[in-house]
Amino acid sequence: MTKFPDNEAALEDQAYYRPGRLRFYDIVVLRLSNSLLWRCPTSELLRHYNRNVSAKHLDVGPGSGYYLDHCRFPETPSVSLLDLNPSPLEFVSRRISRYMPQKIVADICEPFAEFKGSFTSVALNYVMHCLPDEDGRREVAFANIRRFLAPGGVFFGSTILGDRAPHSVISRRINEKYNTMGAFYNKNDSVERLKELLSAEFEDYEVKLRGTVALFTATAT
Ligand SMILES: C[S@@+](CC[C@H](N)C(=O)[O-])C[C@H]1O[C@@H](n2cnc3c(N)ncnc32)[C@H](O)[C@@H]1O
């Protein structure tokens, strides 16, 4: 396992992703919340993976690893996992042991120079809404990812949007609760904010809205 200096405060926010909870993540988040709350079914996000994963893939914040376990990789892919929390890395490594993934413990919001041009796809799925939008942290995350990509490589993912998204009464309440708990930091997130972050690093990008979730792709030149 490759380990970079970790950020204790950020790690505390993401303590939710402990092994016990990860076992229920597929049922609670992927089966129930995605369809009923955020109105973007997991099948849509899996299709997004299938369209974009490639032979040299890095997954940032893999959570329970559901998409990596179910998506269609090209034959014999090289898969890397990056998370500031070692629990999801261990959990997902076991789940997709057939790919023998490389594990990297790191905070994606801290600048680092390693892995320049190493990947042909990088996913940031349901991670942006967990990242505080302060002190340029998200800008650093997007710049890191841009540097990780080889020319022509694809950055893709999705994120739950904040107050201005078309929330139902219930999803708005739950989103507010998650923001109060420090699990989400997406109150001010919108399609425009996502486009701002993408356009700082990529000329070629696309964002689409499904329910309260923005799905994106961007290509490195
Ligand atoms: C909501 S889960 C997303 C799981 C998965 N990608 C999915 O779509 O189901 C967020 C993941 O991002 C990780 N994470 C949160 N902040 C991070 C950071 N600053 N750097 C790296 N990983 C982070 C968490 O530990 C967790 O594994």
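Guide: Let's start with one term: two residues are in contact if their C-beta atoms, placed from the backbone, lie within 7 Å. In this predicted model, take the contacts between residues at least 6 apart in sequence: 68% of them join residues at least 24 apart.

Visitor: What makes the protein count as compact as a globular protein of its length?

Guide: First, the parts list: the protein has 8 helices and 8 strands. Its radius of gyration is 16 Å, and the globule rule gives 17 Å for 221 residues; those values are close, so the protein is as compact as a globular protein of that length. As for its extent, the C-alpha trace spans about 45 × 40 × 35 Å along the principal axes.

Visitor: Why is F115 called buried?

Guide: Just count neighbours. The cut-off for buried is 20 or more other C-beta atoms within 10 Å. F115 has 20 C-beta neighbours inside 10 Å, so F115 counts as buried. You'll find F115 in the loop between β4 (102–105) and β5 (119–125). Its phi is near 65 degrees, a positive value in a residue other than glycine.

Visitor: And why is R39 called partly exposed?

Guide: Same kind of count. Exposed means 12 or fewer neighbours, buried means 20 or more, and partly exposed is in between. R39 has 18 C-beta neighbours inside 10 Å, so it counts as partly exposed. R39 sits in the loop between α2 (19–37) and α3 (42–52), and its phi, near 60 degrees, is positive in a residue other than glycine.

Visitor: What share of the protein's residues count as buried?

Guide: That's 42% of the 221 residues. The largest nonpolar core holds 58 residues, and V60, V122, I145 and F155 touch the most other members. Take I145: leaving out residues up to four places away in sequence, I145 touches V122, L124 and F155. Each of those pairs has C-beta atoms within 7 Å, so each counts as a contact.

Visitor: How do you know which residues surround the ligand?

Guide: A residue is near the ligand if its C-beta atom lies within 6 Å of it. There are 20 residues around the ligand, and the closest are G61, G63, N85, N125 and Y126. By class, 13 in this shell are nonpolar, 5 polar and 2 charged.

Visitor: Where does UniProt place a domain here?

Guide: An unreviewed UniProt entry puts the feature "domain: Methyltransferase type" at residues 58–156. That span is 27% helix and 28% strand, and its end C-alpha atoms lie 11 Å apart.

Note on methods: Residues are numbered from 1 along each chain as its sequence is written. This is a predicted model: local features need pLDDT of at least 70, side-chain atom pairs count only at pLDDT 80 or more; totals for chains, interfaces and linings use all residues. A nonpolar core is a set of buried Ala, Val, Leu, Ile, Met, Phe, Trp, Tyr and Cys residues joined through C-beta atoms within 7 Å. Ala, Val, Leu, Ile, Met, Phe, Trp, Tyr, Cys and Pro count as nonpolar, Asp, Glu, Lys and Arg as charged, and the others, Gly among them, as polar. Helices (H or I, at least four residues) and strands (E, at least two) are DSSP runs, numbered from the N terminus. The radius of gyration is taken over C-alpha atoms; the globule rule is 2.2 Å times the number of residues to the power 0.38. UniProt positions are given in the numbering used here, feature names are shortened, and annotations may be inferred rather than shown by experiment.
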